[in-house]
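Here's a set of exercises to work through with the model open on your screen. Try each task before you read its solution.

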Amino acid sequence: MTEAIDLLLSTSLWAAVLRIATPLIFGVLGALLCERAGVLNLGIEGIMTMGAMTGWLAVFLGAPLWMGLLVAALCGALLGLLHAMLTVPLGLSQHVSGLGITLFASALAYYLYRLIVEVGELPPTIEPFRALDIPGLSDLPVLGPVLFSQAVPTYLALFAVVVVAYVLARTPLGLAIRMTGENPNAVEAQGLDPIRIRIWAVVAGSALMAIGGSFLTMAAFDSFFPGMVQGRGWICIALVVFASWRPGKALIGALLFAFFDAYQLRLQTVIEAVPYQLFLMAPYVLSIVALILVARRAEVPAALMAPYRRGER
Amino acid sequence: MTHVLELRGITKRFGPLTANDDVSLALSQGEILALLGENGAGKTTLMNILFGHYAADQGSVHVFGHELPSGLPRAAIEAGVGMVHQHFTLAGNLTVLENVMLGSEPLSRFRSAQTVARKKLLNIADRFGLPVDPNAKISTLSVGERQRVEILKALYRDARVLILDEPTAVLARPEAQRLFETLRDMTREGLSLIFISHKLHEVMTADRVAVLRGGKLVAERRTGETSPEELAELMVGRKVERPVRQDHEIGAPVLVARNITVGAGEKTGLNDVSFTVHAGEVLGIVGVSGNGQATLGALLSGLAQPGSGTIRLSGVDAATLGPRGMIRAGAGRVPEDRHAEGVVGELSVWENAVLERLKTPEFSKNGFVRQRESRAYAEDLITRFDIRGATTETRARLLSGGNMQKLILARILAKDPGFVLANQPTRGLDEGAIAAVHAELLAARAKGAAILLISEELEEAVALSDRIQAIVKGRLSAPISANDADPQRLGLMMAGVWNEDAHAT
Amino acid sequence: MRLERRTKTPLHLIFLAPLAAVAAALFLAAGLIAAAGVNPLSAYGELLRGALGSRLAITEMLTRATPLIFTGLAAAVAFRAKLWNIGGEGQFYMGALVTGWIGHSLAAPGWLGVPFLLVLSMVTGAALLAGPAILRLRFGVDEVVTTLLLNFIVLLFVGLMIEGPLRDPLAFGWPSSVPVNDAFRLPDLIPRTRLHIGFVFAIVAAAAVWLIVSRTVFGAEVRAAGLNAKAAAFAGISLPKTIMGVALLSGGLAGLAGAVEVMGVTAAVTTTMSPGFGYAGIVVAMLAALHPAGVVGAALFVATVFVGADAMGRSTGVPSFIADVIVALCLLTTVVALLFTTYRVRR
């Protein structure tokens, strides 16, 4: 038992929290952006998979790491565009389209990967993002390694939270996005095009999701393998609800979640009497519990999942 | 005088339907033009074309001499046209200021100029006498306040021409009168106005009336040179007589509600209301929309349960019956919104006809639907209630509003219900359909049904009801006899002035 | 440009739409096959031969279609009621697990044990979906996320069981559960093939589901509630009851898929026994436009793609993930095609 408590005091645990949280932060921000504009994007799981594969692939083929991020973002944006075209102008079921995108994007990622890496081969590795020490700050005791010795995308993720929060709360564009998620008729009546706003929000959100996925292959690990996203996308969808569609709360949710994940990983090694699967279940169970806790008072964007067709009321 | 706005030869078709047929209109500086027409005459479509929500098939819109590109609300706004929609285009979770500011700044701007905007909004509010709290969330505002925000949105964008779609639909008469005074003031500030209405007494407050019928512009009159009677005839175009209620013996109480209170969350609930409906009687509940009618409807449909008080239907406790129990106890219910609650649009006419009674032995056996019997039953309803344009297999959504309402009436009246809830039974119908619905309700009354009519149309309530109560903020006034009801007295009742003797003239 | 609801769907469109969708998907996937350096036409030829080219191939395809019919039905009944059960995979595994578990230790003759295990797996699958259904009705928790997350939980649970209490000591390599009693193995439909009587069960299930959704009061109520919940409630149809009823039926069907797969094919439970039957069921249901009879056809199609792609992979070297790509593309093209059966484009 004391070991379990000792774990809580180890800096490596706390440093891992931010690392584990990074893909979730990107993913949850992306999902949040889509949903704030009124579009549920269940393509997230596939988009993250695609991001993980393409980011890795770009670097594997010789591109610099930042280019890998860009490639992943671009692929995510394209998949987002597909989801947006199906659900916004065509008004198809967001559930069905999203699941379709996930199935398609995952399958496509695996297929493309298999074109390069045959079954049975060891997954080829790349040189991933290394921890970047922030001069002066990374030497601080405890806080240094926890906060200021992370991979570049982790800093990017935190920056993205600030940007998304600012855009939504303070800019005319953010107001338009929020209004589109609440009442697209109001947006149309004020001379803006809710369809365009929804499409671009989904495209941007999907790019963020893909960057989140690419973190897995370009920082957390150094290679790609099928099934590696492991439901992180679904967890992000749950976290958006948990966060009441607010970027700040989304960050807290992702960190909280990452903490439990990091902790259970370490607990596994300490408590051997309990089957490891129970620990692995914890994140999923936790997500469901979080949903139950907040479901009643969630402030859902009023027009979420309601297709908007011009001239139809 | 120059024209601030001109519509030239507007034609718009929706599939086989021609909503606007070669309509031309002009609006002069400082003028108030009323656009009069029945439901379905094409008024809203025309204004939606003017504002750019729809693109016209033919014709053009000119504002201050410049042609507007079609189908672009933004262009209309920039040219100085503002629209106040009947169904407010507001987001309930956002503040007044946010709703007003939306779209007024370029989307590429890095920061909303909220302080400046707030000042401008308060200025305009002050100038036009439309006070608001910029920081209030829309969801906390009353309907009247929301309309104010909707008007302010247009004024904030420097509208010089304002279009108001059925602006008084949600207002009590005194509020409506105030609105018209405000509109008149606006013309002095240099605005020109068009408002849409199907109410004759309202359009008489305008300078000029344009009458639309069946998508065509049939007449234009200066209000000084016409009369409500002439306008009525122009609007309907044919002689439609609404049936008249005949005096007859009123029977024993059928539905008795005593001291009912219903909480309804964000909507207006009911607060300690009592009413009685007798056999062969129509009790009219009049009121401005949003004053608890929805909750009253839900209560009598079996969808809401009273928190306190008693309600008895034909002698049995009806507080917790639920929809099916209410039906079994002999209640027939016409819902407020026939599209949302009345029918399942994607199901066929026969399925809708038996939907309420699927579990009865008449329409099912051992859990299986008796399709042949059900279809025959629907066939019978179609003939008996003159439901046009339908076979048993037609999808309900393809029925016209009037025929859909006839289907709903048919499925309840065919069973000779002891009690009928008629919630806004003629909303959105044209004159012919209104007359048909009234005839059915009066026939049910003659057969001894106790009918509770919830209506926002005073004329309708007075024509059908034996007694009338007003509903205001979830409270009911004492009943008055319909014979004592004049528009002024009812108007005051609907504004919450209960003490009728003191205020009646 | 805008979309306008058709007042009537022309009959030819109803048949043309799925065909056009499949053609479009195959066309798009052809590009990917070409990227693997293989002529798409010859690859598709291999695919067809692999799935339909011999008696054995056809029986393999039908074997593969069997669980897909069940999971496709599960998704179809749920989606009709707007209950988004994405948990077919988890329900499949739970059905399989209880079958393996009880089927190993139960001492009973086959005629008694098989129906018992089938019912048991249905109850298990139903119970697994009842949870998310209750959460939605009680707390308003979206069932998409809960059923998806449950898939991961269930798979871990299955892993835990077959590495622990149910571990087969005789199995080498990959962990596997103890096998079911031989008395409960489903008889072969055609000797010396893997095709078992479960395929017949699947067809019967499709017929039963069709009867339920199109002829019973329950089916009518579900349809009404799915199309317009408010109007259904106004007409006195209890939404919680319909949702729960649908959840039990849907979960039960998916659970059944697992049981039939264990008793008919694998005998034992492993964590890799399903190549995504639950998720593919969603595609099957959508391809079938949620119609029970269509589910059978769609399942045969999807099974053809999967079995054929394996064969194609072996002979041409195109990664067999192409099957998942084709099937997912079919889903997307089908929903678009179906849209245009109810809407048409106007300027």
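A residue counts as buried when 20 or more other C-beta atoms lie within 10 Å of its own. Keep that cut-off handy, and remember that this is a predicted model.

**Exercise 1. Work out how enclosed strand β20 of chain B is, and what it pairs with.**

Solution.
- Step 1: go through residues 450-455 of chain B with the cut-off above. Six of the six pass as buried, so β20(B) is largely enclosed by the rest of the structure.
- Step 2: sort the side chains by direction. Ala450(B), Leu452(B) and Ile454(B) point one way, while Ile451(B), Leu453(B) and Ser455(B) point the other way. Residues on both faces are buried.
- Step 3: look for pairing. Strands of a sheet pair through backbone hydrogen bonds, either parallel or antiparallel.
- Step 4: take β13(B), residues 282-286, which runs parallel to β20(B) over five bridges. Here Gly284(B) has Leu453(B) as its bridge partner.
- Step 5: take β19(B), residues 419-423, which is also joined to β20(B) by five bridges in the parallel sense. Across this pair, Val420(B) stands opposite Ile451(B).
- Step 6: trace the chain from β19(B) to β20(B). The path goes through helix α15(B), residues 431-446, and this β-α-β crossover is right-handed.

**Exercise 2. Find the strand order and the edges of the open four-stranded sheet in chain B.**

Solution.
- Step 1: read across the sheet. The order is β12-β11-β14-β15, and the pairing is antiparallel.
- Step 2: pick out the strands that pair on one side only. These edge strands are β12(B), residues 270-278, and β15(B), residues 316-317.
- Step 3: check a pair inside the sheet. β11(B) (253-262) and β14(B) (308-313) are antiparallel and share five bridges. For a spot to zoom in on, try Val256(B), which stands opposite Arg312(B) in β14(B).

**Exercise 3. Describe the surroundings of helix α11 of chain A, then follow Leu239(A) into the core.**

Solution.
- Step 1: count the buried residues. In α11(A), 11 of 11 are buried, including Trp234(A), Ile237(A), Leu239(A) and Phe242(A).
- Step 2: ask what does the covering. From chain A, the cover includes α2 (11-36), α3 (44-60), α12 (247-270) and α13, and chain C adds α6 (143-163).
- Step 3: look just past the end of the helix. Ser244(A) has a positive phi of about 55°.
- Step 4: list what Leu239(A) touches, leaving out residues up to four places away in sequence. The list is Leu24(A), Val28(A), Ala250(A), Gly253(A), Ala254(A) and Phe257(A).
- Step 5: place Leu239(A) in the largest nonpolar core, which has 406 residues. Leu239(A), Val28(A), Val302(C) and Val325(C) touch the most other members. The largest share of this core, 16 residues, comes from helix α10(A), residues 194-220.

**Exercise 4. Describe the sides of chain A that touch chain B and chain C.**

Solution.
- Step 1: start with chain B. That contact takes 22 residues from chain A and 26 from chain B. α8(A) (172-182) and α9(A) (184-189) each supply at least two residues of the chain A side, and α8(A) gives the largest share, seven residues. By class, this side has 10 nonpolar, six polar and six charged residues.
- Step 2: move on to chain C. This contact takes 37 residues from chain A and 39 from chain C. On the chain A side, α5 (94-116), α11 (232-242) and α13 (276-295) each supply at least two residues, with the largest share, 13 residues, coming from α5(A). The classes here are 26 nonpolar, seven polar and four charged.

**Exercise 5. How compact are chain A and chain B?**

Solution.
- Step 1: take chain A, with 13 helices and two strands. Its radius of gyration is 20 Å, close to the 20 Å from the globule rule for 313 residues, so chain A is as compact as a globular protein of that length. In chain A, 56% of residues count as buried.
- Step 2: repeat for chain B, with 18 helices and 23 strands. Its radius of gyration is 24 Å, close to the 23 Å the rule gives for 505 residues, so chain B is also as compact as a globular protein of its length. In chain B, 49% of residues count as buried.

How values were computed: Residues numbered from 1 in each chain as written. Chains lettered and ligands numbered in written order. Predicted model: local features only at pLDDT ≥ 70, side-chain atom pairs only at ≥ 80, totals over all residues. Contact = placed C-beta atoms within 7 Å. Nonpolar A, V, L, I, M, F, W, Y, C, P; charged D, E, K, R; others polar. Buried ≥ 20, exposed ≤ 12 C-beta atoms within 10 Å, placed from the backbone. Core = buried A, V, L, I, M, F, W, Y, C linked by C-beta atoms within 7 Å. Rg over C-alpha atoms; globule rule 2.2 N^0.38 Å. Pairing = 2+ DSSP bridges. Right-handed = clockwise from strand over helix to strand, strands pointing away.
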